[in-house]
Structures are given as C-alpha cells and as structure tokens.
Protein chains: 2
Amino acid sequence: MLVWERPEPPDRPVPAPLSRERIVRAAIQLADVDGLDAVSLRKVAAALDVGPMRLYGYIATKEELLDLMVDTVHAEIRPTGNGWREVLRSLAETTRQAAHQHEWLADLIGGRPQLGPNTLASGEAVLAAMGGADLDTVVPAVAAVNAYVTGAVRREITERRAERATGMDKKQWQATFGPYLQRTFATGRFPALATVVRDGPHLDADQTFWTGLDFLLDGIEARISS
Amino acid sequence: MLVWERPEPPDRPVPAPLSRERIVRAAIQLADVDGLDAVSLRKVAAALDVGPMRLYGYIATKEELLDLMVDTVHAEIRPTGNGWREVLRSLAETTRQAAHQHEWLADLIGGRPQLGPNTLASGEAVLAAMGGADLDTVVPAVAAVNAYVTGAVRREITERRAERATGMDKKQWQATFGPYLQRTFATGRFPALATVVRDGPHLDADQTFWTGLDFLLDGIEARISS
DNA sequence: TATCAGTCAATACACTGTATCACGCCCAAC
DNA sequence: GTTGGGCGTGATACAGTGTATTGACTGATA
C-alpha cells in the first residue's frame with residue numbers, strides 16, 4: 001500500500017518523563033490540598049497525565065508512595081541550634097511546622113519505619129548537634145522528644161480539623177459540641193472533668209505544645225547534667 | 001387460592017438481634033485478629049450474619065464505627081494510684097497495655113476527637129486522682145503525658161510490626177535491614193548516626209518507654225512541687 | 001530483515017463505603 | 001376485618017480503590 005493512502009501513525013503522545021520525585025511531588029500536592037484520602041494512584045497518575053499502572057515502574061505499592069512522601073517532607077526538618085536543648089526544641093518546632101504545612105503528615109507520622117535518606121539526615125543533624133553528651137541519655141532523650149512530638153502534632157491537627165469541620169472558628173465548635181458536653185456533664189458522672197472545663201486553664205495550641213515540651217526537656221536536663 | 005396450594009412463606013430467618021455493642025465487638029475481634037484493614041462493613045456484617053446495610057441503622061458511617069471501637073477499648077484504661085505521679089504512670093501503662101492487646105489502637109489513637117463515655121471516664125479517673133494540685137499545671141501535664149504515650153505507643157507497635165513482617169525475631173530484622181543500613185552508613189553521610197548504632201545503648205521497648213516517661217514526669221514534678 | 005526484550009496502556013478483578021429502591025411486615029384507621 | 005401506610009430489611013447499584021494480567025507496540029539485536 002502506498003504511503004499516500006496509508007494513514008499516519010496515530011499521534012501517540014510522547015510519554016511524559018517520569019520520576020519518583022515528580023510522582024511524590026504530585027502526591028504531596030494532592031494531599032496538601034484535599035487531604036490524604038485524595039491520594040489515589042489513579043489521581044496521582046492523572047495529575048501527571050499518565051496511566052495508573054505506569055507508577056508501578058517507580059513504586060511497588062501505594063505504601064511505598066506514602067513512605068516517600070513522609071521522607072520528602074523530612075527534608076524540611078533540619079534542627080539546628082547551640083546545645084542539646086536548643087537542638088531538641090528545634091527538632092520539635094520544625095516537625096510541627098512541617099505538620100502545619102502538610103496536615104496529612106499527622107496521619108502518617110510514627111506509623112511506619114522511616115529509613116529514607118531525608119529522615120536519616122534529620123536524625124543525623126540532631127545527633128551531630130547534641131554535642132558529646134552521654135549516649136545513654138541522649139538516645140532515649142531523642143526518642144522521647146520524637147514520641148512527644150508525634151503525639152502532640154497528632155492531637156493538634158486532629159483538633160484543628162474538628163474545628164474546621166464544624167464551621168471554621170472556635171465559637172462554632174463550642175456551639176456544636178457544647179450542648180452534648182453540657183448534657184453529659186449535667187449527669188454528674190464526670191465531676192472532675194466538669195470542674196476542669198469550667199475553671200481550668202484554656203490553653204491555645206502553641207502554649208500546650210511548648211509547655212509540654214518544656215516539661216520533657218526539663219526532665220532530660222536533670223539527667224544530662226547530673 | 002386455597003391455603004393448601006399456596007406455598008408457605010419463605011423461611012425467612014429471624015432477624016438477628018443487633019446492637020451497637022455487638023457490632024463493635026465483632027469489629028474489634030476482626031481488627032485484633034487481622035488488623036484494621038480487615039474491618040470492612042461487609043465483613044463485620046457477615047460476622048454477625050446480617051446484611052451490610054443493616055449496620056447503618058446503628059452507625060451513620062464507618063468512621064463512627066472506628067470511634068466506637070476506640071471508645072470501647074478505653075474501658076480498659078482506668079488509671080489508679082496514690083499521688084499524681086502514680087496516676088500518670090498508670091495512665092501510660094494501661095494505655096500501652098491496651099495497645100498491646102489491640103494493636104490497631106496504635107493506628108487510631110490521637111487521630112480523632114474522643115468524646116465517648118469511656119474515654120471521658122478515663123479522663124475523669126485521671127483528674128479525680130490527681131489530688132488538689134494546681135490546675136494550671138495539671139492540665140498541660142495530662143496533655144503532655146497523653147501526647148507522649150500516643151507517640152511512644154505508635155512507634156512501639158510500628159517497630160513490632162516491622163519485625164514481625166520480616167520473619168518474627170530481631171535477628172531476622174537485622175538481617176533484612178542491616179545490609180541496607182550498612183551500605184548507607186558506609187557512605188559516610190551519617191557519621192553521628194553510625195556511631196550511635198555501633199556504640200550507643202540498645203534499649204528494649206520497655207526501657208525506652210519508661211525512661212522517656214520518667215523524663216517527662218520528672219519535668220512535671222519540678223513544676224508541681226515548686 | 002526477523003526476532004526478541006522490554007515498556008506502557010488498557011482491561012480486568014475483587015473489594016470498598018454508601019445511596020437507592022423495592023419488598024414484606026406490622027400497626028392504625030376505617 | 002379489611003385496607004392503607006410507614007418502616008425496617010435485604011438486594012441491587014454505583015463510583016471508586018489497589019493491583020494482576022494481557023496485549024500491543026517500540027527500539028535494539030542477531
């Protein structure tokens with residue numbers, strides 16, 4: 001058949017250049033905007049103009065993609081400071097900031113073993129800056145701070161979401177859950193809780209986070225210096 | 001048509017009596033045995049010999065079922081003791097034990113606002129046993145312990161799963177990840193980490209959990225007594 | 001030029017949470 | 001006693017998920 005009557009080959013699009021980095025960036029953006037549930041392999045692939053199965057050349061499973069996402073944001077967690085106390089505070093602060101920028105981090109943090117390069121680099125930065133302090137104290141101290149930050153960040157983001165879900169500000173939140181709590185407190189089954197809610201301090205997120213961390217650092221300090 | 005020729009009504013099974021409690025118990029058992037991913041409304045319903053849609057008479061959404069599960073295990077978290085320190089230790093210990101019995105708790109803890117009766121009762125038990133200590137310190141102290149326990153439990157369960165996934169015991173784990181870590185440490189990019197892994201203390205899960213908690217409690221004690 | 005390896009898209013499958021719908025029962029009103 | 005209507009129940013339906021498989025097409029090699 002002559003060239004002239006033979007149709008041109010279908011204009012197959014040049015395959016989009018792909019990489020783990022591009023995939024993870026797309027996934028992170030999806031998660032930042034619409035939450036972790038919005039991260040499906042199909043949506044990530046669509047964001048990259050690519051068939052879903054294409055991703056499996058770069059990752060073996062969706063869990064691996066999540067691991068890569070977590071490791072990627074760990075690039076933003078680079079504690080610095082003079083002295084172990086400043087360093088640990090910085091670790092806590094940068095982790096918290098990362099969770100503020102990427103709320104989905106609260107869903108994943110502490111939930112998978114993290115051995116990626118950025119996560120290791122964070123750990124390296126911490127340990128390197130801790131000075132020559134006694135390893136027998138330093139290791140559990142870092143572990144404790146990490147545990148505290150994990151839990152604190154989770155609670156904080158959870159609370160923030162609850163507020164947002166009920167309509168944006170704290171007043172609305174109280175208007176939604178207030179009546180329920182009022183009724184349950186009225187049963188008299190939780191007298192101590194009721195007093196705390198009525199008379200106790202109402203700390204904001206910042207205060208709660210930092211005073212809790214200071215408790216922990218004070219306790220560590222007592223062991224390190226002794 | 002005469003009765004005799006009319007067929008008997010189909011032997012429709014007497015509808016299984018249902019309740020939130022039965023539903024939640026079934027869901028918890030599924031999660032205990034096969035993990036949280038095994039909890040689907042269809043499987044829960046099947047375990048109760050019931051159509052999936054039937055559950056929606058008792059819960060509005062799957063998230064609510066998860067909330068009920070979490071609140072139910074909080075029934076096992078009833079801290080006791082003399083003095084605030086014992087109480088907070090007991091809070092940490094019972095929470096940790098609950099997570100050991102129900103590993104899926106590590107996936108959910110801290111991830112949703114908890115206002116169920118059992119959770120409130122746990123909080124009540126803590127506050128009631130804290131004595132008359134200054135609320136301005138007690139409230140953040142309880143919050144800090146909760147945050148620490150959340151993070152610590154998550155890490156511990158995560159580690160346990162990783163070990164189990166690679167074949168049951170610690171030696172196997174090292175055999176699996178060891179080579180990778182060896183190679184990455186050999187690059188020289190993480191000298192401080194490498195020294196810690198080589199020369200640092202190798203604490204078991206119990207030690208890590210308790211020494212971290214003691215840091216925190218020491219720090220709290222300094223504020224409470226002053 | 002013919003074969004082969006390898007890459008990529010499409011299809012397929014089992015499964016999810018939940019909306020909708022239609023049937024059959026019980027109860028209330030006539 | 002009959003009839004109608006709500007309602008709880010089960011079946012069906014739908015859109016979406018992660019991933020296995022297949023089948024077409026490419027460029028490289030013999």
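1. Start with Q114(B), which sits in the loop between α5 (105-108) and α6 (117-129) of chain B. Helices here are DSSP runs of H or I with at least four residues, numbered from the N terminus. The model is predicted: local features need pLDDT of at least 70, side-chain atom pairs count only at pLDDT 80 or more, and totals for chains, interfaces and linings use all residues. Residues are numbered from 1 along each chain as its sequence is written, and chains are lettered from A in the order in which they are written.

2. Is Q114(B) buried or exposed? Q114(B) is partly exposed, because 18 other C-beta atoms lie within 10 Å (20 or more would make a residue buried, 12 or fewer exposed, with C-beta atoms placed from the backbone).

3. Now look at what surrounds this loop residue. Leaving out residues up to four places away in sequence, Q114(B) touches V70(B), D71(B) and T119(B); contact means C-beta atoms, placed from the backbone, within 7 Å. H74(B) is 40 residues from Q114(B) along the chain, and their C-alpha atoms are 10.0 Å apart.

4. Next, the two chains: 51 residues of chain A are in contact with 51 residues of chain B. On the chain A side, α7(A) gives the most, with 19 residues.

5. Finally, the DNA. Around strand C there are 15 residues, the closest being G51(A), M53(A), R54(A), S40(B) and K62(B); a residue counts as near if its C-beta atom, placed from the backbone, lies within 6 Å. Helix α2 (residues 41-47) of chain B brings the largest share of this surface, three residues.

Conventions: Helices (H or I, at least four residues) and strands (E, at least two) are DSSP runs, numbered from the N terminus.
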